[in-house]
Amino acid sequence: MGKWQEMTKEELETQYSPSRWSPRLDKDAVIEAHVQAVSKGTQNAQAATQTLLNVPYGLGEGEKLDVYLPKEHSETFPLVLYIHGGYWQFLSKDISGFTAGPLTTHGIALAAVGYDVAPKGQLEVMVRQVRQSVAFAVQQYTGISGIYLLGHSAGAHLAAMVLSTDWAEFGVVPNIKGAFLVSGIYDLEPIIHTYVNDTLRMDRVVAQQNSPVRYVPKLEGRRDCQVLVAVAQHDPPEFHRQSQEYFQALRAAGWSASLLDMGDTDHFDIIEKLTQEDYVLTQIILKMIARG
């Protein structure tokens, strides 16, 4: 029996409430500050960058991308798809362009992915939508030199699910060169037993089928996709455990993966600071894409 199975409901809820672990602010204030930070960052990015907002990648109302174009136009460019967090039931693409500044300055496009959060969207629907957004981007923008996934929290889960996609049904094999998974959850089973599932209404089968740690494809010889699994120093212990286990599963399956514990960060500012070019994680992302 794994350690989380021995926890009480109350202990699990504490472990899966990252807002309770921030040393900066109390649990409500840190979420409020996060929404303000990403909203302001997105406004700044939209004011400074050429954008294509609300580009439909599917027929659904929520199936849209906000694209931030590189400052210097060239024939080919890398594309980062940003998948927002919010425990699959909160936040949106409309405030998810905050990382665009340093990327577009370096000739990289950013697309913030919209998906139907719960209760409108069920988990399987969100997974399919994010996969579809990747397939659409590859078919729509022929100048893409490589796709990079950037996901935070629940968005890191969805990005990890993209890595386990059978692309045959989408009729395209995207050139995914890298994935930056920040403060993510990779095993959904513990979530069933917390307040988070009040809105998601997952059963055990859905949770298991959508847990990327269970579905890491074996890589035979193909090592060109780099995966960075990042976790904040002040993320809850369960987030650290999950990051470690997913990293180990990737390595065991032959993936080129690295694990980064970001000092002096919590679950929220680890991603908010990507507005800053000199931030350690921004630099790592830019260098990985430059090597692409």
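Student: Which residues line the largest cavity?
Tutor: Happy to start there. In this predicted model, the lining of the largest cavity consists of V80, T99, L103, L150, F180, L274, T282 and I285.

Student: What makes the lining of the largest cavity nonpolar, polar or charged by class?
Tutor: Val, Leu, Phe and Ile count as nonpolar, whereas Thr falls among the polar ones. By that rule the lining has six nonpolar residues, two polar ones and no charged ones.

Student: Why is this space called a cavity?
Tutor: Because a 1.4 Å probe fits there but cannot get out, whereas a pocket is open. The volume of the largest cavity comes to about 70 Å³.

Student: How many cavities of 30 Å³ or more does a search of the whole structure find?
Tutor: Two. The second largest holds about 40 Å³ of space. Its lining includes H34, Y82, H84, G85, S92 and H152. By class, that lining has five nonpolar, six polar and no charged residues.

Student: Let's turn to the annotated site. Which residues does UniProt list for "active site"?
Tutor: The unreviewed UniProt entry lists S153, D235 and H267 under that heading. The three are spread over 115 residues of sequence, yet they cluster in space, with a largest C-alpha distance of 10.4 Å. Of these residues, S153 and H267 are included in the lining of the largest pocket.

Student: Why is S153 called buried or exposed?
Tutor: The relative accessible area of S153 is 5%. Buried means under 20%, so S153 is buried. As for its place, S153 sits in the loop between β5 (144-152) and α5 (154-163).

Student: What is S153 in contact with, leaving aside its neighbours within four places in sequence?
Tutor: With G85, V182, S183, G184, I185 and H267. For each of these, contact means heavy atoms within 4.5 Å. G85 also appears in the lining of the second largest cavity.

Student: And at its relative accessibility, what does D235 count as?
Tutor: D235 has 3% relative accessibility. With the cut-off for buried at under 20%, D235 therefore counts as buried. You will find D235 in the loop between β7 (226-232) and α8 (237-252). Not counting residues up to four places away in sequence, D235 touches P18, S183, H240 and H267.

Student: What does the side chain of D235 reach?
Tutor: The backbone nitrogen of A232, at 3.0 Å. A polar contact needs a pair of N or O atoms within 3.5 Å, and the 3.0 Å distance fits that limit.

Student: Now the backbone. What is the peptide bond from A118 to P119, cis or trans?
Tutor: That bond is cis, with omega near 5°. P119 belongs to the loop between β4 (109-113) and α4 (123-140).

Student: What is the phi of N54?
Tutor: About 60°, a positive value, although N54 is not a glycine. N54 lies in strand β1 (residues 51-56). D264 is also a residue other than glycine with a positive phi, near 60°, and its place is the loop between β8 (256-262) and α9 (269-272).

Student: How do you know whether N54 is buried, partly exposed or exposed?
Tutor: Set the value against the cut-offs: buried is under 20%, exposed is over 50%, and partly exposed is in between. The relative accessible area of N54 is 42%, so N54 is partly exposed.

Student: And what does D264 count as at its relative accessibility?
Tutor: D264 has 62%. Since exposed means over 50%, D264 counts as exposed.

Key:
Residues numbered from 1 in each chain as written. Predicted model: local features only at pLDDT ≥ 70, side-chain atom pairs only at ≥ 80, totals over all residues. Heavy atoms only, no water. UniProt positions renumbered as here; feature names shortened; annotations may be inferred. 1 Å grid on protein atoms, 1.4 Å probe; cavity = no way out; pocket = protein on both sides within 12 Å on 5 of 7 lines; lining within 4 Å. Helix = DSSP H or I, 4+ residues; strand = E, 2+ residues; numbered from the N terminus. Buried < 20%, exposed > 50% of the residue type's maximum accessible area, 1.4 Å probe, protein only. Polar contact = N/O pair within 3.5 Å; in protein donor to acceptor, adjacent residues only side chain to side chain. Points joined across faces, edges and corners; volume = space filled by probe spheres on them.
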